[in-house]
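Student: I would like a close look at one part of this model: the empty space inside it. Please take me through it step by step.

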Amino acid sequence: MSDAIQPTRGLWEDTAPRESTTTMLRETINADAVVIGAGYTGLSAALHLALAGVSVVVLESFDVGYGGSGRNVGLVNAGMWVSPDEVAATLGAEYGERLLRVLGDAPKLVFELVDRYGIQCEPVRTGTLHCAVGGGGLADLERRAAQWQARGAPVQLLSAADSAVKLGTGVYTGSLWDRRAGTIQPLAYARGLARAALQARARLYTNSPVLSAAQDHGDWMVRTDRGAVKASWIVVATDAYGTGPWPDINREQVHLPYFNVSPQPLDGRALESILPGRQGAWDTQKVLSSFRLDRAGRLIFGSIGALSGAGQYVHTAWAKRAVRRLFPQIGAVKWERSWYGSIGMTADRLPRFHKLAPNVISFSGYNGRGIAPGTAFGRLLAQYIAGKISDGDLPLPVTAVRAQALRSLKQSFYRLGSQIVHLAQH
C-alpha cells in the first residue's frame, strides 16, 4: 500500500499497543545483514536472522508497519488470489506445489509466533470465508475447494443456508471455509514482531530512509541521510512501498488502492448474528468487498478504492449502502474511522524472488496477501542468508525484475473504475 496517499492507519493505529522505542540511525555501524523495511517480511527476516546468530540491522523510512502492514484488513490467509491449479500451471509443478505448501502452512507460522512471543494482536483462529456472489461465484469456489482438498487442505464448501448462519447475511450463494486461516490486528502484529526481533538482539532504526547502497571491498555500504550500515547481505523488504536504491521492484507492480471503514462497536442482535465465529470474509466480485469484526465488535468493511478526492465521498457512501444491504440488522451506520493504502499487484498475481545484486535478495508482489506469506518469506530469507537453504529449496525461481507495461494507465483505471462501479451501485 503506497503511502504518499494517507498517513493515518485508522482503527489499527488507534487500537494497537504502543510501538517499541526506536531511534534514527545517526552513525556508521557494522552488521552481517541489513534489512530495508519494517513490515512483515523485513521484521520476520530480522527476527529469524537474529535467532540464527546473524547480526542484523533493520532500516525503516517511517515507523514500524507504516506501509501495507499497518493498513490491510487483517486476514491471515493461506494461498494467493489465484487458484491452486493456476499457481502450479504458472510456475510449473515443482515450484508451484512447493509454493502452495509454504503458503498453506504460513498462517500456522503466524499464530506460532504470536503464541511464542506473546504478541497482543487479537488473534482469531477460526478460519476465513470466501463468499460466492451468484452462480458464477459459487462455481469458482467449487473449483477452488476441489483443488485445495486434492492437496489435503482443511477447506469446506458451505451451502447458502450454512453460509448465512456463519456470515449473518443471506445474500451469498455459498462460501469456502478455510480453517487454516484467521484474523489479527495487523499493525499490532507488526509491532509485536518488531519487539520480538529487538529482544533477539536485532537492531531497528526508524525514520531512516535508505538513500543509496554501494559495494565497498566486497561488502555493502547502505547509507541513510545521517548514518550508514556496512554489511555483507541486504534484504529488500519494501514491496509496494519501495523507494531508494532498487525502485524497479515498485515498477514491477501495479498499485491497487484498497480502503477500510469502521463504525462504533456493534451490540445486541447485530453483534450476535454477524460473523458469530469471528471469521474474516470477502467475496468473489472483481470489485470485491471484505468484512470482519475486531475484538471490540467493530465491523471493518472494505473494498477497492482510494479515499481521496471524489473517492472519499463515493466509496464511503457506497459502503454505507452495501452494509445496509448485507446486514440490515445493524440499522443506520456512521463511519468513525477510515483508511486506505495500495496493494502491489504483479502481472500474474504471484509473488517474486529477486537477486537484485550480489548478496541482495528480495521477496515482493504479495497481491493482497501480505501477512502470512510475508512472515513465511521473511523466515526463508533468513534461512537463505544463514546458509540453511539454497536456491533449490525456495518456493519461487529467481527472476529478473520486469516493469509492467501501461502501469500508470492501469493504476488510473483501478482508481477511476472502482469509483464508477461504486457510484453505479450506490
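Student: How many residues line the largest cavity, and which of them lie nearest its centre?

Tutor: This is a predicted model. The largest cavity is lined by 15 residues. Nearest its centre lie Ala 78, Trp 148, Leu 176, Asp 178 and Trp 282. Three elements each give two or more residues to this lining: strand S5 (128-132), helix H5 (134-150) and strand S7 (174-178). By class, the lining has 8 nonpolar, 4 polar and 3 charged residues. The space in this cavity comes to about 160 Å³.

Now the wider search. Over the whole structure, 2 cavities of 30 Å³ or more are found. The second largest has a volume of about 30 Å³. Its lining consists of Ile 36, Val 236, Thr 238, Gly 242, Thr 243, Pro 245 and Trp 246. That lining divides into 4 nonpolar, 3 polar and no charged residues.

One strand leads on from here to a sheet. Strand S13 covers residues 233-236, and Val 236 is among the residues lining the second largest cavity. S13 belongs to an open sheet of 6 strands, in the order S9-S3-S2-S13-S20-S19, with mixed pairing. Strands S9 (203-205) and S19 (352-357) are the edges; each has a single partner strand, so one side of each is left without a neighbour in the sheet. Neighbouring strands are turned by 20° against each other on average, direction ignored. At one edge, S9 pairs with S3 (residues 56-59) in the parallel sense over 3 bridges. There, Val 58 stands opposite Leu 204. Helix H11 (residues 371-385) lies across S13, S19 and S20 (360-364), and runs at about 160° to S20.

Notes
Residues are numbered from 1 along each chain as its sequence is written. This is a predicted model: local features need pLDDT of at least 70, side-chain atom pairs count only at pLDDT 80 or more; totals for chains, interfaces and linings use all residues. Side-chain values use heavy atoms; hydrogens and water are left out. Two strands pair if DSSP finds at least two bridges between them. Helices (H or I, at least four residues) and strands (E, at least two) are DSSP runs, numbered from the N terminus. Axes are lines fitted to C-alpha atoms, for helices over the stretch in contact, and angles run from 0 to 180 degrees between N-to-C directions. Contact means heavy atoms within 4.5 Å. On a 1 Å grid over the protein atoms alone, a cavity is a set of points where a 1.4 Å probe fits but cannot get out, and a pocket is an open set with protein on both sides within 12 Å along at least five of seven lines; lining residues have an atom within 4 Å of a point. Grid points are joined across faces, edges and corners, and a volume is the space filled by probe spheres set on the points. Ala, Val, Leu, Ile, Met, Phe, Trp, Tyr, Cys and Pro count as nonpolar, Asp, Glu, Lys and Arg as charged, and the others, Gly among them, as polar.
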